[in-house]
Amino acid sequence: MTDPSYRGQILVFTTPLIGNYGVPYNKTPINSNDVGVILESENIQCSAVVVADVAEKFSHYTAVESIASWCQRNNVPGITGVDTRAITTLLRDQGTTLGRLAVGADASLAPPKPEEYWDPTTENLVAQVSTKAPYELNPNGDVRIAVLDFGAKANILRSLVRRGAAVTVLPWNYNFNNIRDQFDGLFLSNGPGDPNHCLEAAMHLRKTLQEWDKPVFGICMGHQVIGMAAGLEAYRMTFGNRGHNQPVLALASSGSIKAGRVYVTSQNHQYALKLQDPFPAGWEPFFINCNDSSVEGIKSSADSGKKVWGVQFHPESAGGPLDTIEMFTDFLAECRAHKLQLSLPTSQPMDARKVAPRLGVETAKIETPRRVAVTA
Ligand SMILES: NC(=O)CC[C@H](N)C(=O)O
């Protein structure tokens, strides 16, 4: 609920009982080596929550309040006692949809016309959640990383800081090219909404990628912006990938990632990069989703002389599996190696088409995810 990528969304929880652990005090002691919060940002970011059965009593050693009082304090509406399985079945059939919460007399009125619903994707949500001014974390770290903040989850910043990086967080549309000489690497964060609102950032990045040879890593929205800078197209999926159990197949080896292995990942996205054949020169697909064959990662090709990676999933998870957490270590290892002018073993490219069919994954020309049939 505090992940800024959920800005503007009504979340329907499929787990029936929500809130039994309560909500922790969401501040860490002031310390430049920490990111300041326990959760993913200071406030609740989603627009509303829908829960089958909300727990009024909570129990956890870090809990200070119930989910209901937390929502109330943040002015975020929630509804409970509804059949979330029925809503889930509907959403699985027609895809993510615009919605509203109505109770009492409002619920019996005729529903609004489609055009009367607020559509958050028409807005630049990234501009709403990104930092307004640059700030630093862990200034004494040994590698200097600039983070373009499209709505960064705290655990991404934490994952960089815990590995010893000095992190400078910049507004999403900051022209990094003006200050790039001060940094050893560039990171592009996750963020809400349609990546096509971030073309300005993609244009700045295109110049960076043409003229700068230091490592670049992006997650989720950051990955989509890297893809757009590389010349790929971003499209809206009917069924976004969400949850903590999304399997992705690695098509190339790089650092801790081994080609041919499936990693279980945490995800939260509605948009994806289109798989195109051939890929833009200098780029190759890095991961694909084993359920719907959507693009889950791209990387600069081994012969491009660049070190650039983008992943659609969340290696930092929180919550979720830690299968790919070492990608942060890999990124910082490349930044340190570049700084010291060492060279790490290069990644091994491989032919995706040789690996994927063994796992029943189509890699041909897949533009829209397969539909999943759901029986009640
Ligand atoms: N978590 C994210 O960064 C999401 C990226 C983008 N807003 C999407 O929905 O696809």
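**Group meeting: ligand shell, sheets and domains of a predicted model**

By class, the shell around the ligand holds 5 nonpolar residues, 7 polar residues and no charged ones. In this scheme Ala, Val, Leu, Ile, Met, Phe, Trp, Tyr, Cys and Pro count as nonpolar, Asp, Glu, Lys and Arg as charged, and the others, Gly among them, as polar. The structure is a predicted model, in which local features need pLDDT of at least 70 and side-chain atom pairs count only at pLDDT 80 or more, while totals for chains, interfaces and linings use all residues. Residues are numbered from 1 along each chain as its sequence is written.

Which residues surround the ligand? They are Ser5, Asn190, Gly191, Pro192, Gly193, Pro195, Cys220, Met221, Asn268, His269, Gln270 and Tyr271; a residue is near a molecule if its C-beta atom, placed from the backbone, lies within 6 Å of it. Strand S14 supplies the largest share of this shell, 4 residues. Helices (H or I, at least four residues) and strands (E, at least two) are DSSP runs, numbered from the N terminus.

I turn to the domains. The protein chain is divided into domain 1 (4-118) and domain 2 (127-359), with bounds that come from an automatic or database domain assignment. The C-alpha centres of the two domains lie 28 Å apart. To their contact, domain 1 gives 14 residues and domain 2 gives 23 residues; two residues are in contact if their C-beta atoms, placed from the backbone, lie within 7 Å. On the side of domain 1 that touches domain 2, there are 4 nonpolar, 8 polar and 2 charged residues.

Next, the sheets. An open sheet of 10 strands follows the order S8-S10-S9-S11-S12-S17-S16-S15-S13-S14, with mixed pairing; two strands pair if DSSP finds at least two bridges between them. Why is one side of S8 and of S14 left without a neighbour in the sheet? Strand S8 (135-137) and strand S14 (262-273) stand at the edges and have a single partner strand each, so one side of each has no neighbour there. From one strand to the next, the twist averages 20°. Axes are lines fitted to C-alpha atoms, for helices over the stretch in contact, and angles run from 0 to 180 degrees between N-to-C directions.

Within this sheet, S13 (residues 234-250) and S15 (residues 283-289) run antiparallel and are joined by 3 bridges. Val248 has Asn289 in S15 as its bridge partner. S15 also pairs with S16 in the antiparallel sense, over 5 bridges, and Phe287 is matched with Gly297 in S16. The hairpin of S15 and S16 has 5 residues between the strands, and Ser293 there takes a positive phi near 65°. S15 is mostly covered, with 7 of its 7 residues buried; buried means that 20 or more other C-beta atoms lie within 10 Å of the residue's own, exposed means 12 or fewer, and partly exposed lies in between, with C-beta atoms placed from the backbone.

Helix H5 (residues 154-161) lies across S8, S9, S10, S11 and S12, running at about 150° to S10. Of its 8 residues, 7 are buried, among them Ile156, Leu157 and Arg158. These buried residues pack against S8, S9, S10, S11, S12 and helix H8 (326-339).

Finally, a second open sheet has 3 strands in the order S1-S4-S7, with parallel pairing. Its edge strands, S1 (10-12) and S7 (78-80), each pair on one side only. S1 is joined to S4 (residues 48-51) by 3 bridges, and Leu11 stands opposite Val49 in S4.
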